[in-house]
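Subject: Structure for you to look at

Hello,

Here is the structure I said I would pass on. Please open it beside this message and follow along.

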Amino acid sequence: MARPTPSTAGPAASAPRRPRLLSIGETLIDLIVADGSPSLETASDLVARMGGAPANVAVASARLGADAAFCGVVGDDPFGRRLRQGLTDQGVDTSTLATTPVAPTTMAFAWKDHRGDGHFWLLRGADIQLSGAQVGDADIPSRDAIVVGSVALAAMPSRGAIEEAARRAAGSGVVVCFDINLRPTLWPDLAEAKAACAAVLEHTTVVKLSVDDASGILGLTDPDQIVSHLLGTTPVRIVVLTDGARGAWFASRGNPQVRHVPAFVVDAVEPTGAGDAFTAALLTRLHERNWADPTSADIAFASGAGALATTKRGAWEGLPTRRELDAFLAGR
């Protein structure tokens, strides 16, 4: 059966309702190097903060005004309880967040190298316990969009759960956003990562990835080639490629010409969560426009959210509200 395609009609005359967005995958504790060391080998000061890409997207979506929910698994431990309460405090629906006694809450170490690029090392735990039955209970057909990532694809049973979620969403006409975050330490064989991502791309509406991600799974580094390749070899409708300070490139099936949007220049403090803020803002904007093909203004809106996220430490502290983002963009 062909994957349903969202409407490409223009914006409605009345004010858009709040988008119902469901993020599925990992939430975890980020242990962030706080002393400026470019490596864990020399780091002496770590700060614990709440994170995980899909959870970050959920929080960012809620701050931008979405009806955000999160589906995942945490351990029956202090960090798990901290994450559940933290998501709730941020306005995220955690009714589909499960707690397991069989594994501790997942943790990730994060730091910046000399270039300012972010690095991550994950210690997997409860997040991989996400099951197909759990996503089956998440009421996916009632959502406007789901967001899934590639970290959950690196282990079972979470890989099967993400594939099931994408199939359910596509079969119900729900937008599937696949935010690829390739973590090489999770994939001893990058060919397996490529195959796992390909299975999800078959049901994806919007794919967002970085140049580094594309280099790992496609062997390509030229932005125009990456975007054109994904449109030409997968049923994805919208491709968005990011590369930090170099900006973003995008194209769609309805407008396959690859276009570039420069990045905003800000006083960056930490990159953690910037890509997730970008994803949340992009989906919020596309929902407002009834999922029409993106414009340069839409990508600039998302880029503004990503830029603001770098101006504060931690994954959640810098995620902007809609008022903050609108004010930032108005000043630019």
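Helices and strands here are DSSP runs, a helix having at least four residues and a strand at least two, and they are numbered from the N terminus. Bear in mind that this is a predicted model. With those names, Leu-153 can be placed: this residue sits in the loop between S8 and helix H4 (158-171).

Leu-153 and its surroundings

Is Leu-153 buried or exposed? Its relative accessible area is 0%, and the cut-off for buried is under 20%, so Leu-153 counts as buried. Apart from neighbours within four places in sequence, Leu-153 touches Arg-159, Ile-162, Phe-178, Trp-187, Ala-196, Cys-197 and Val-200. The chain also brings Leu-153 and Ala-193 to a C-alpha separation of 7.8 Å, although their positions lie 40 residues apart in the sequence.

Helices H4 and H5

Two packed helices are described by the angle between their axes and the distance between the axes. For H4 and helix H5 (residues 190-201), the angle is about 25 degrees and the axes are 9 Å apart. Angles under 35 degrees count as roughly parallel, so H4 is roughly parallel to H5. On the H4 side the contact involves Arg-159, Ile-162, Glu-163 and Ala-166, and on the H5 side Glu-192, Ala-196, Ala-199 and Val-200. By class, this contact has 5 nonpolar and 3 charged residues, with no polar ones.

Helices H1 and H8

How do helix H1 (residues 53-63) and helix H8 (residues 274-288) cross? Their axes come within 8 Å and make an angle of roughly 50 degrees. That angle makes H1 oblique to H8. The crossing is right-handed. H1 contributes Ala-53, Asn-56, Val-57, Ala-60 and Ser-61 to the contact, while H8 contributes Asp-276, Ala-277, Thr-279 and Ala-280. Sorted by class, the residues of this contact are 5 nonpolar, 3 polar and 1 charged.

The nine-stranded sheet

Strands of a sheet pair through backbone hydrogen bonds, either parallel or antiparallel. In this model, 9 strands form an open sheet with mixed pairing, in the order S5-S4-S1-S8-S9-S10-S11-S12-S13. Which strands stand at the edges? They are strand S5 (93-100) and strand S13 (259-261); each has a single partner strand, so one side of each is left without a neighbour in the sheet. From one strand to the next, the twist averages 15 degrees.

Strand S1 (residues 20-24) is a useful place to look at the pairing. S1 is mostly covered, with 4 of its 5 residues buried. S1 runs parallel to strand S4 (residues 67-75), with 5 bridges joining the two, and Ile-24 has Cys-71 in S4 as its bridge partner. S1 also runs parallel to strand S8 (residues 145-149), here with 4 bridges; Leu-21 is partnered by Ala-145 in S8.

At the S13 end, the pairing is antiparallel: 3 bridges join strand S12 (residues 248-252) to S13. Ala-248 stands opposite Val-261 in S13. Helix H7 (residues 223-233) lies across strand S10 (206-210), strand S11 (238-242) and S12, and runs at about 30 degrees to S12.

Just before S1

Pro-19 is in the segment before S1. With a relative accessibility of 6%, Pro-19 counts as buried. Beyond its neighbours within four places in sequence, Pro-19 is in contact with Gly-65, Ala-66, Asp-67, Asp-144 and His-287. The C-alpha atoms of Pro-19 and Ala-68 are 7.9 Å apart, and the two residues are 49 apart in sequence.

Strand S2

Strand S2 (residues 28-33) is mostly covered, and 6 of its 6 residues are buried. Which strands does S2 pair with? S2 runs antiparallel to strand S3 (residues 46-51), joined by 6 bridges, and Ile-29 has Met-50 in S3 as its bridge partner. S2 also pairs with strand S6 (residues 107-112), in the parallel sense and over 4 bridges. Within that pair, Asp-30 is matched with Ala-108 in S6.

Regards

Key:
Residues are numbered from 1 along each chain as its sequence is written. This is a predicted model: local features need pLDDT of at least 70, side-chain atom pairs count only at pLDDT 80 or more; totals for chains, interfaces and linings use all residues. Side-chain values use heavy atoms; hydrogens and water are left out. Buried means under 20% relative accessible area, exposed over 50%, partly exposed in between (1.4 Å probe, protein chains only). Two strands pair if DSSP finds at least two bridges between them. Axes are lines fitted to C-alpha atoms, for helices over the stretch in contact, and angles run from 0 to 180 degrees between N-to-C directions. Angles under 35 degrees count as roughly parallel, over 145 as roughly antiparallel, 65 to 115 as roughly perpendicular and the rest as oblique. A crossing is left-handed if the near helix is turned anticlockwise from the far one by less than a right angle, and right-handed if clockwise. Contact means heavy atoms within 4.5 Å. Ala, Val, Leu, Ile, Met, Phe, Trp, Tyr, Cys and Pro count as nonpolar, Asp, Glu, Lys and Arg as charged, and the others, Gly among them, as polar.
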